[in-house]
Amino acid sequence: MEDHPGGDEVLLSSTGQDATDDFEDVGHSDSAREMMAEYCIGDIDASTVPKTTKYKTPQQPHYNQDKTSEFIIKILQFLVPLAILGVAFGIRLYTKST
């Protein structure tokens, strides 16, 4: 990689895949083609290459607003502290005025 005139980034970008098209697109010299024969490991058997699968998003649980028990709990979580605050405020006003 250190001796490659195009730098190591060019080689690393084609690592693990068929780099034939990348090699041919650049227009290498005859000496580069001779060197390729020295470093060529072999041809890729297309039947052994795994097929790429399309990414599927994981299924999310459906949010249902019509669940009455959950809705009542949410309202109570809001109303109970509000009622406690109202009672405390009422007691405070009642004890101050008497």
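Helices here are DSSP runs of H or I, at least four residues in length, and they are numbered from the N terminus. With that in hand, let's go. One caution before the tour: this is a predicted model.

Start with helix α4. This helix covers residues 68-97, and Phe71 lies in it. Now look at the record. UniProt, in an unreviewed entry, annotates a "transmembrane region" over residues 71-94. What does the chain do over residues 71-94? The span is 100% helix and 0% strand. Its end C-alpha atoms are 34 Å apart.

Stay with Phe71 for a moment. Phe71 helps to make a nonpolar surface patch of about 980 Å². Its partners include Ile72, Ile75, Leu76 and Phe78. Leu79, Val80, Leu82, Ile84 and Leu85 also belong to the patch. Keep Leu82 in mind. We come back to it.

Next, the other annotated stretch. The unreviewed UniProt entry places "domain: Cytochrome b5 heme-binding" at residues 1-45. In the model, that span is 51% helix and 0% strand. The C-alpha atoms at its ends lie 25 Å apart.

Now for charge. Which residues form the negative surface patch? Asp18, Asp21, Asp22, Asp25 and Asp43 form it. Take Asp25. It sits in helix α2, residues 20-26. Is Asp25 buried or exposed? Asp25 is exposed, because its relative accessibility is 66% and the cut-off for exposed is over 50%.

How many salt bridges does a search of the whole structure find? It finds one. Arg33 pairs with Glu24, and their closest N and O atoms are 3.1 Å apart. How open are these two partners? Arg33 has 32% relative accessibility, so it counts as partly exposed. Glu24 is partly exposed too, with a relative accessible area of 40%. Both values fit the class because partly exposed runs between the 20% and 50% limits.

Last stop: the loop between α3 and α4. Helix α3 covers residues 30-39, and Ile41 is found in the loop that follows, on the way to α4. Ile41 has a relative accessible area of 88%, so it is exposed. Gly42 lies in this loop between α3 and α4 as well. Gly42 counts as partly exposed, because its relative accessibility is 45%.

Two distances to finish, both C-alpha to C-alpha. Ile41 and Val26 are 15 residues apart in sequence and 20 Å apart in space. And here is Leu82 again. Where is Leu82 relative to Gly42? The two are 40 residues apart in sequence and 76 Å apart in space.

Notes. Residues are numbered from 1 along each chain as its sequence is written. This is a predicted model: local features need pLDDT of at least 70, side-chain atom pairs count only at pLDDT 80 or more; totals for chains, interfaces and linings use all residues. Side-chain values use heavy atoms; hydrogens and water are left out. A salt bridge is a side-chain nitrogen of Lys or Arg within 4 Å of a carboxyl oxygen of Asp or Glu. Buried means under 20% relative accessible area, exposed over 50%, partly exposed in between (1.4 Å probe, protein chains only). Patches are made of residues with over 30% relative accessible area and no salt bridge: like charges are joined within 9 Å, nonpolar side chains (Val, Leu, Ile, Met, Phe, Trp, Tyr) within 5 Å. Accessible areas come from the Shrake-Rupley method with a 1.4 Å probe; for residues, only the protein chains shown count as cover. Lys and Arg count as positive and Asp and Glu as negative; His and the chain ends are not counted. The place of a charge is taken as NZ of Lys, CZ of Arg, CG of Asp or CD of Glu. Helices (H or I, at least four residues) and strands (E, at least two) are DSSP runs, numbered from the N terminus. UniProt positions are given in the numbering used here, feature names are shortened, and annotations may be inferred rather than shown by experiment.
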